[in-house]
Amino acid sequence: MEFPEGFNQLELLETHGHVIPVRTESGWDEEEDSYDEDDEGQHSEEWYQEEELRRKDNPVELMLWAAEKNRLSTVERLAASDPSLVNCRDDDGYTPLHRASYSGHALVVSFLLDSGADLHARTVDGWTPLHSASCWGHVAIASCLLRRGSEVNAMTNGQLTPLQLAAGNPAAPQTLELLLSQRSLQAGLRNSAGETAYDVALRKTAHFGLFEIAEPCNNVC
């Protein structure tokens with residue numbers, strides 16, 4: 001499996017092993033994030049209920065798990081009992097909004113935002129929810145976050161932008177096109193390796209032609 005542009009493989013395994021999607025090609029060299037193989041549809045409702053019961057005495061863990069697993073009713077119940085839980089974090093700084101964003105759960109994302117989730121929350125590596133959605137090609141989530149005011153040019157600690165992450169994922173052309181259509185986009189920003197998003201796309205995917213829609217062209221042509 002290839003990993004996104006500009007990441008450190010060891011950092012990936014140490015900090016994001018719980019969120020890397022299985023069987024999703026990213027086009028990265030050294031990077032992050034892997035899901036368990038117990039995604040939606042892999043387990044019965046009884047299994048999910050048992051997993052919730054196991055976490056019932058740890059509302060932070062339950063909220064984070066429920067956001068990742070698309071358990072909207074559980075997220076709603078927890079938020080009603082303690083509104084601060086919408087901004088709880090795991091050890092890597094991921095919030096429920098991050099987890100719902102990288103998992104592609106639109107209803108959970110919308111509810112969390114409506115309930116006061118921090119749109120600009122950063123992980124220990126500097127990832128915003130938009131980075132998470134863009135990295136895994138969840139265009140509907142990225143669109144929602146952008147409409148709510150997410151910063152399209154936000155950079156991680158490794159100087160990765162949402163555009164660069166989408167550019168390195170062969171499965172994310174729609175997300176890349178969405179990001180390129182943003183008026184405030186700075187498409188020429190460079191990551192810690194000195195590459196622009198166009199450089200990443202040219203080297204990693206077949207989507208470099210999409211950069212023609214960016215204005216100005218940032219010396220792409």
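Let's start with two helices, H4 and H6, in this predicted model. H4 covers residues 72-81 and H6 covers residues 106-114. Two packed helices are described by the angle between their axes and the distance between the axes. Here the axes come within 10 Å and cross at roughly 15°. Angles under 35 degrees count as roughly parallel, so H4 and H6 are roughly parallel to each other. As for handedness, the H4 and H6 crossing is right-handed.

Which residues of H4 and H6 make the contact? On the H4 side, look for Leu 72, Val 75, Glu 76 and Ala 79. H6 brings in Leu 107, Val 108, Phe 111 and Leu 112. Sort them by class and you get seven nonpolar residues, one charged residue and no polar ones.

Now for some charges. Side chains of opposite charge can pair when their charged atoms come close. Try finding Arg 71 and Glu 52: they form a salt bridge, with their closest N and O atoms 2.9 Å apart. This pair links distant parts of the chain, 19 residues apart. Arg 71 sits in the loop between helix H3 (59-68) and H4, while Glu 52 belongs to helix H2 (residues 45-54). For the model, the salt bridge count comes to twelve.

Finally, check the annotation. An unreviewed UniProt entry marks residues 92-124 and 125-157 with "repeat: ANK". Residues 92-124 are 52% helix and 0% strand, and the C-alpha atoms at the ends of that span lie 6 Å apart. For residues 125-157, the figures are 48% helix and 0% strand, with the end C-alpha atoms 5 Å apart.

Methods:
Residues are numbered from 1 along each chain as its sequence is written. This is a predicted model: local features need pLDDT of at least 70, side-chain atom pairs count only at pLDDT 80 or more; totals for chains, interfaces and linings use all residues. Side-chain values use heavy atoms; hydrogens and water are left out. UniProt positions are given in the numbering used here, feature names are shortened, and annotations may be inferred rather than shown by experiment. Helices (H or I, at least four residues) and strands (E, at least two) are DSSP runs, numbered from the N terminus. Axes are lines fitted to C-alpha atoms, for helices over the stretch in contact, and angles run from 0 to 180 degrees between N-to-C directions. Angles under 35 degrees count as roughly parallel, over 145 as roughly antiparallel, 65 to 115 as roughly perpendicular and the rest as oblique. A crossing is left-handed if the near helix is turned anticlockwise from the far one by less than a right angle, and right-handed if clockwise. Contact means heavy atoms within 4.5 Å. Ala, Val, Leu, Ile, Met, Phe, Trp, Tyr, Cys and Pro count as nonpolar, Asp, Glu, Lys and Arg as charged, and the others, Gly among them, as polar. A salt bridge is a side-chain nitrogen of Lys or Arg within 4 Å of a carboxyl oxygen of Asp or Glu.
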